[in-house]
Amino acid sequence: MPYFLQAFMAGQWRDASGPEYTTHYPADGSEVAQLHAATVADVDEAVQAAEKARLHKSWAGLKRHERAGILYRMAAGIRERAEELAQLQRLDNGKPINETRALVASAAGTFQYFAAACETWEDQLTPQRGDFITMSVHEPLGVVGAITPWNSPIASEAQKIAPALAAGCAVVIKPAEITPRMALELARIGQQAGVPDGILSVLPGKGSLVGEALVRHPLIQRIAFTGGTEVGLGIQRLAAEKLMPTSLELGGKSPTIVCADADLDHAVAGVLYGIFSSSGESCIAGSRAFVHASVYAAFRERLLAGVRALRVGDPADERTQMGPLIHSRHRAEVDRYVQLGLSEGGQLLHGGGRPTGAMYERGSYYLPTVMEGLPNSARMCQEEIFGPVLALLPWHSEEDLLAQCHDNVYGLAAGIWTQDYKTAWRLGSALHTGTVWVNTYKVFSISTPFGGMKMSGMGREKGRQGILEYTRQKSFYWGLNANPMPWATPT
Ligand code: NAD
C-alpha cells in the first residue's frame, strides 16, 4: 500500500497545488508514495513565508548556542528514528539497507557537526591599522533554495539544511521528484526539534518547474545544488542574472590509479567498492581504473573474481552489495552506454545486461559490468554513466597516465593505490580533482570539505567553512579618534 505524503510549506503539512503522482520501489516496481507536486505559486508562498520567518525574532533573535540546540535535537531525532528512516530511504531509491543505514548515520552526524560549528565559529577582529578597530562579521544570507538528486537524499539534504540553519538562514528544499520522503522526514524532525514555522519548507516536484522557480525567485539569496552538470550549468546561468551565489555539486568520471607496487588485494577491494557500491549511482564512482601495465593481468584476474562474487539482489537483505538501478529508463540509458562501448571497440569482461532469475524480473537490476580495450578518448570513458560500469585501462608512464586522467571534463575525485607515499603525493598533487583518496576510496568525513573542480562543480560542502557558504561578510570600523577626523590618513 502506498503512503500518502503531503508537502511541508510555510509551517503547514498539506497537499501541494500541482497534479498527483506516484513514486515506485526500484526493486519491484510497487507503489511507494502518492503525493501532489508543487507549483510555482507554492514556491512563492513558501519563499515569502521563509523570508518573514527568518526575520522574526523567534529565529533572528536566537543566539548561536540556541540555534545549535535545535540542530543537536535534530541529530538526536534522526538517531531515534534511524532504522525506520533507513527503511524508508531504501524504499525511495532502492539502495541496499546497509548503505541507507550509513546515509542516515551520516545525516545525524552532519547535524551534530554543524551544531557544534554553529556555537563555536568566531567572527574576526582584524589587525588594527589606524585609529579604529576593525571587525569582520558574518550574517545569514537569507532564504536558501536547496535542490537535491535521488541517489543519496538524506545525506545530501542534511549537508545543505544543517549548515544553512546553523548560519541562521531559512531553507526551501526541492528534493528529487521521485525521492521526496527523506526531506519531508527531516522537516518533521526539525519541527519537533523546534525549527520555527516557515524556516524549513519542502516542495517535491519537477526540477524544470519547481526547481527553476526556486532559482528565479527574487527572495532566494543562494542555491545549494547537487545534481547533473547540465542542470547545474543552467542554474548558474540563471543565478548570474541576479548575482546570486551558488554551490554546485555536479557529475564525475573519477579515475582510480593502481600503481605497480600497490597491494593488489586492497586495490581490488577499493576499486570494486568504488564503482559497484550504490550500483555505480554515485557522483564519485571510480568508473575508470588505470592499472599499471606490469600488474594489469594479475589485477584483472583478481578483480573479475571479485565481480563474480558480488551479491546483486534484494535491497532489504543485509547481505546485498548491489541493488537495482533507480528505474528502468535509467537502466536502458546505462545499457546504451555499454552498447556504445562495445561499438567503440571495447571487450566485455563481465556483465553487460540484466541478471536473470525470478527475483530480478520486476526490478530495474543491471549486472556489474567491466570492459577493457577502450581508449580513454572513447565516450564510455569520457561521459558519466551513473551506473555499475567500469572501464579498465593499462598505463605505462606517469606522464601518459596523468595526461589521460586530465583528459576529461570532470574533476570530482580520484583514487591512488600505491605503497610509496612519495608516489601518492606526486600523483595526488598533480590530479585536477577536489578529492584524492590514497589507499582507500569513497570514505567521507563531515569535517573535510567536499566539492569538485572543472565541470564537477564549484563551492564546497562540509567542513567548518561549510557554514560560511551560507553567510555574507560585513566589515565594521569602530573609530577611536579623540579629535575630529583628519582629512586623509595613510593606513
Ligand atoms: P539532475 O540534475 O537531473 O536533478 C537533480 C535535481 O535538480 C533534482 O531535484 C531535479 O528535479 C532538479 N532539476 C532538474 N532540472 C532542473 C532545473 N531546470 N532547474 C532546477 N532544478 C532542476 O540529477 P539526478 O539525475 O537527480 O542525479 C544524478 C546526477 O547528480 C549525476 O550527474 C551525479 O553525478 C550528480 N550528483 C553529484 C553529487 C556531488 O556531490 N557532486 C552527488 C550526487 C549526485
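How far is an oxygen atom of the ligand from an N or O atom in the side chain of Lys 174? In this predicted model, the distance is 2.9 Å. Two further contacts belong beside it. A polar backbone atom of Gly 228 sits 2.7 Å from an oxygen atom of the ligand. For Glu 384, an N or O atom in the side chain lies 2.5 Å from a ligand oxygen.

Now take the ligand as a whole. On its own it has 850 Å² of accessible area, and the protein covers 82% of that. Helix 8 (207-216), strand 11 (220-226) and helix 9 (229-241) each give two or more residues to the surrounding shell. Helix 8 makes the largest contribution, with 4 residues.

The full shell holds 26 residues. Thr 148 and Leu 250 are among the closest, as are Lys 174, Gly 228 and Glu 384. By class, 13 shell residues are nonpolar, 9 are polar and 4 are charged. Both domains take part: domain 1 (3-250 + 456-476) and domain 2 (255-438) each supply at least three residues.

Turn next to the second largest pocket. Its volume is about 260 Å³. The lining counts 16 residues, and those nearest the centre are His 24, Ile 326, His 327, Ser 328 and Arg 329. Strand 4 (20-24) and helix 12 (328-343) each provide at least two lining residues. The lining has 8 polar residues, along with 4 nonpolar and 4 charged.

Where does this pocket lie with respect to domain 1 and domain 2? It lies between them, because both domains give residues to its lining.

Technical notes:
Residues are numbered from 1 along each chain as its sequence is written. This is a predicted model: local features need pLDDT of at least 70, side-chain atom pairs count only at pLDDT 80 or more; totals for chains, interfaces and linings use all residues. Side-chain values use heavy atoms; hydrogens and water are left out. On a 1 Å grid over the protein atoms alone, a cavity is a set of points where a 1.4 Å probe fits but cannot get out, and a pocket is an open set with protein on both sides within 12 Å along at least five of seven lines; lining residues have an atom within 4 Å of a point. Grid points are joined across faces, edges and corners, and a volume is the space filled by probe spheres set on the points. Ala, Val, Leu, Ile, Met, Phe, Trp, Tyr, Cys and Pro count as nonpolar, Asp, Glu, Lys and Arg as charged, and the others, Gly among them, as polar. Domain bounds come from an automatic or database domain assignment. A residue is near a molecule or strand if one of its heavy atoms lies within 4 Å of it. A polar contact is a pair of N or O atoms within 3.5 Å; within protein, one must be able to donate a hydrogen and the other to accept it, and residues adjacent in sequence count only if both atoms are side-chain atoms. Accessible areas come from the Shrake-Rupley method with a 1.4 Å probe; for residues, only the protein chains shown count as cover.
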